[in-house]
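User: I am new to this model and would like a close look at a single part. Could you walk me through the surface that faces the DNA, and then through what lies beyond it?

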Protein chains: 2
Amino acid sequence: MNRKHGTESTRPRQADIARLAGVSQGTVSLIINGRASTGRILDETRDRVLSVAHELGYVPDPAARRLAGGRNRLIGIFTYESVFPLSHHDFYHPFLVGIEEQAERHGYDLVLFTSATGTSGERGIFVDGQNRIGLADGAIILGREMRTEEIVSLRNEGYPFTLVGRRDIPGEVPYVTADYRRGTVDAFAELARLGHTHVAYVSSSDDTHPAHEREAGYQEAAAALTVVELDGSQSADGLAGSLAELIATGTSAVVTHYAETAIEVEAALALRGIRVPDDVSILALNDPPDDDPSIGGLRIPRREMGAMAFDLLIDQLESDDPEHAPIRRVLPTGFAAGRTVAPLPQHRRNA
Amino acid sequence: MNRKHGTESTRPRQADIARLAGVSQGTVSLIINGRASTGRILDETRDRVLSVAHELGYVPDPAARRLAGGRNRLIGIFTYESVFPLSHHDFYHPFLVGIEEQAERHGYDLVLFTSATGTSGERGIFVDGQNRIGLADGAIILGREMRTEEIVSLRNEGYPFTLVGRRDIPGEVPYVTADYRRGTVDAFAELARLGHTHVAYVSSSDDTHPAHEREAGYQEAAAALTVVELDGSQSADGLAGSLAELIATGTSAVVTHYAETAIEVEAALALRGIRVPDDVSILALNDPPDDDPSIGGLRIPRREMGAMAFDLLIDQLESDDPEHAPIRRVLPTGFAAGRTVAPLPQHRRNA
DNA sequence: AGTAGGTGCAAATACGCATTTGCGCAAATG
DNA sequence: CATTTGCGCAAATGCGTATTTGCACCTACT
């Protein structure tokens with residue numbers, strides 16, 4: 001349909017190289033792919049073809065490669081939200097850093113599936129009944145939101161992918177996540193080590209995997225301390241009110257699920273004359289936001305998670321075993337005291 | 001070479017649907033793509049085919065589609081540094097936001113050329129003699145650094161691309177940039193409007209296009225004001241010393257090329273008891289860094305630049321005219337007073 | 001009745017590349 | 001000298017889809 005006149009600057013194809021070098025297209029393919037030995041090509045021919053290819057600026061068409069049954073060394077990145085969101089651009093960024101790092105190391109290019117938006121305006125892996133991500137050899141799927149049924153379809157198609165952040169998907173899928181449970185346990189342990197014996201815990205009501213894991217960690221750690229549980233769904237000011245009383249009666253640390261909560265609580269406490277960390281330590285079980293990086297608490301190894309996700313995916317791709325078991329990795333979290341976590345002050349030791 | 005794994009029922013193809021529905025593959029294609037009217041297909045046939053397709057869970061192969069379509073609807077993003085740098089990730093991000101926005105709107109996917117790192121460890125458009133970015137239909141080239149000769153080669157190959165941030169490339173290339181010159185003029189005008197008549201100007205010795213434009217803008221604006229020029233290559237403390245004297249003798253505003261300089265100067269002035277903006281206004285001719293967004297001065301419309309770059313590229317791609325003239329856009333900058341720019345204080349009016 | 005026009009689809013072709021097969025030639029072998 | 005072997009490549013084939021072309025068959029009209 002779209003054959004234009006000769007002047008049209010169309011991308012060079014193997015056939016063009018073949019014509020100029022006086023060989024056949026198949027020969028060009030062999031040479032380009034380094035299969036020259038397989039096909040028994042003269043060095044002289046090889047050099048001639050390569051030089052023509054270079055002159056023409058030839059680059060293989062990824063779609064054709066993939067169609068022909070080969071691989072195209074393209075790894076996809078899919079997110080249900082914008083990859084580069086305006087607001088919390090800090091969320092995806094560390095993952096991307098890790099992914100880019102490994103992609104560079106392994107010589108893969110990355111594809112961002114920005115076309116995966118249907119007429120309805122919804123992003124999805126399958127849009128209007130079509131798989132939008134199949135162009136790449138495999139994909140890394142990021143994000144807080146995720147449509148389970150799409151993930152399942154993907155797996156059923158046998159398409160290689162890795163999830164970042166574990167999801168409870170029916171059946172087994174490869175994923176990378178952080179060990180929120182253990183991180184939570186460690187955080188409480190750290191508080192204990194600093195002398196805190198009476199701790200307030202502000203949970204979240206989220207139904208996400210990390211929230212559950214944090215909750216589990218809390219349950220496990222609570223035994224060793226005196227813990228009071230507070231309802232995280234109330235306002236920061238309400239929380240601060242309850243906390244003020246608790247602090248007066250011996251509570252010296254507060255643990256929240258989210259850094260945002262911690263920050264709000266800190267501000268609300270300040271209004272009541274309670275200072276952090278002098279009067280009370282505050283610790284979040286999540287990464288701090290960009291604009292206030294010094295909240296103490298867990299540090300999620302996002303960059304490492306991204307890199308690991310890439311590696312797992314490559315594993316799948318390069319494994320010849322069709323029954324390659326889904327691989328999972330659970331990475332340890334870090335901990336930072338930040339400006340809000342301090343040892344129990346001397347004067348409160350016997351409170 | 002890679003026969004689909006035996007156990008996995010291979011994905012259904014249009015041919016499968018065709019067989020089951022008793023039609024030809026081409027007919028299936030017409031129907032799947034809603035071209036039924038073009039091909040004059042009976043409603044009955046259409047429904048039958050669609051129902052079979054649905055039963056089989058048919059999903060078109062994107063690679064095949066792109067092959068057949070000629071183009072691959074892939075737009076590349078190239079940078080000489082990491083696309084996701086660890087440090088100033090604030091630099092590329094706004095551009096990427098704009099690009100992603102438009103890519104999504106136009107139904108294109110984005111490719112990050114992470115494989116464009118040669119054995120030497122250097123990033124480049126041409127690595128080991130191979131054009132690494134030709135994979136995409138076109139590319140947007142970002143970054144402070146840029147290798148002129150590569151850009152020239154690209155253009156000579158007829159490869160469609162757009163630069164973000166104008167460069168002085170031999171010959172004509174399509175680009176998007178901000179109007180630093182006009183922005184600079186406007187910034188000085190704004191100072192004048194606020195009552196400042198005596199201004200200090202700290203230039204940079206950079207040999208970049210934006211630096212030259214700022215310089216030009218300064219030359220143009222300087223006529224209307226009393227301006228003292230300071231050597232930007234000295235230390236912040238040295239600058240502060242000179243400035244202190246100037247301020248004592250009537251200078252009420254400082255203009256620097258870089259926000260970083262402005263911040264350092266502000267700090268150095270503070271040590272000398274000079275306060276911003278009470279004693280002197282400070283204004284930068286560049287975007288503020290992430291960690292101190294309230295420095296007054298120019299605001300570069302990076303997001304819009306990204307979006308515009310994408311649009312220009314699409315223009316090239318979808319234009320049938322091979323001799324499509326290179327398009328350029330120069331976007332207006334914004335201005336923000338931030339916390340450092342204020343009207344000339346009353347008590348200094350007659351200084 | 002004979003022809004023109006229309007309709008609904010099959011068939012053919014192309015997209016760019018990977019892979020396999022086969023052919024002509026020359027050297028080696030018996 | 002007849003025959004096998006090996007070499008270097010051309011040619012053919014397939015991947016899954018989109019698009020164009022062609023062809024029966026049918027209707028309407030003269």
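Analyst:
**The surface near DNA strand D**

The residues of the surface near DNA strand D divide into 10 nonpolar, 10 polar and five charged. (Ala, Val, Leu, Ile, Met, Phe, Trp, Tyr, Cys and Pro count as nonpolar, Asp, Glu, Lys and Arg as charged, and the others, Gly among them, as polar.) The model is predicted: local features need pLDDT of at least 70 and side-chain atom pairs pLDDT 80 or more, while totals for chains, interfaces and linings use all residues. Residues are numbered from 1 along each chain as its sequence is written, chains are lettered from A and ligands numbered from 1 in the order in which they are written, and side-chain values use heavy atoms, leaving out hydrogens and water.

In all, 25 residues surround DNA strand D, and the closest are A:Ser24, A:Leu42, A:Thr45, B:Tyr58 and B:Arg65. Of the strand's atoms that come within 4 Å of the protein, 64% belong to sugar and phosphate. (A residue is near the strand if one of its heavy atoms lies within 4 Å of it.)

Let's look at three of those closest residues. A polar backbone atom of A:Leu42 is 2.6 Å from a phosphate oxygen of DNA strand D. For A:Thr45, an N or O atom in the side chain is 2.3 Å from a phosphate oxygen of the strand. From chain B, a polar side-chain atom of B:Tyr58 lies 2.5 Å from a phosphate oxygen. Helix 2 (25-32) and helix 5 (62-69) of chain B are the elements that give two or more residues to this surface, and helix 2 of chain B gives the most, with four residues. (Helices, H or I with at least four residues, and strands, E with at least two, are DSSP runs numbered from the N terminus.)

Residues of both chains are among the closest to the DNA, so to speak of the chains together is a natural next step.

Chain A has 55 residues in contact with 56 residues of chain B (contact means heavy atoms within 4.5 Å). The two chains bury about 4700 Å² between them, 56% of it on carbon and sulfur atoms; this is the accessible area (1.4 Å probe) that two parts lose on being put together, summed over both.

Four salt bridges cross this interface (a side-chain nitrogen of Lys or Arg within 4 Å of a carboxyl oxygen of Asp or Glu). In one salt bridge, the side chains of B:Arg123 and A:Glu100 meet at 2.9 Å, N to O. On the chain A side, helix 5 (62-67), helix 6 (89-106), strand 2 (109-112) and strand 4 (130-131) each supply at least two residues. Helix 6 of chain A gives the most, with seven. By class, that side has 24 nonpolar, 18 polar and 13 charged residues.

Strand 2 of chain A also runs antiparallel to strand 2 (residues 109-112) of chain B, joined by three bridges (strands pair if DSSP finds at least two bridges between them). There, A:Leu110 stands opposite B:Leu112.

Helix 6 of chain A has a link within its own chain too: A:Arg303 and A:Glu101 meet in a salt bridge (2.8 Å, N to O). A:Glu101 sits in helix 6 and A:Arg303 in helix 12 (residues 302-318) of chain A, 202 residues apart.

Methods: Polar contact = N/O pair within 3.5 Å; in protein donor to acceptor, adjacent residues only side chain to side chain.
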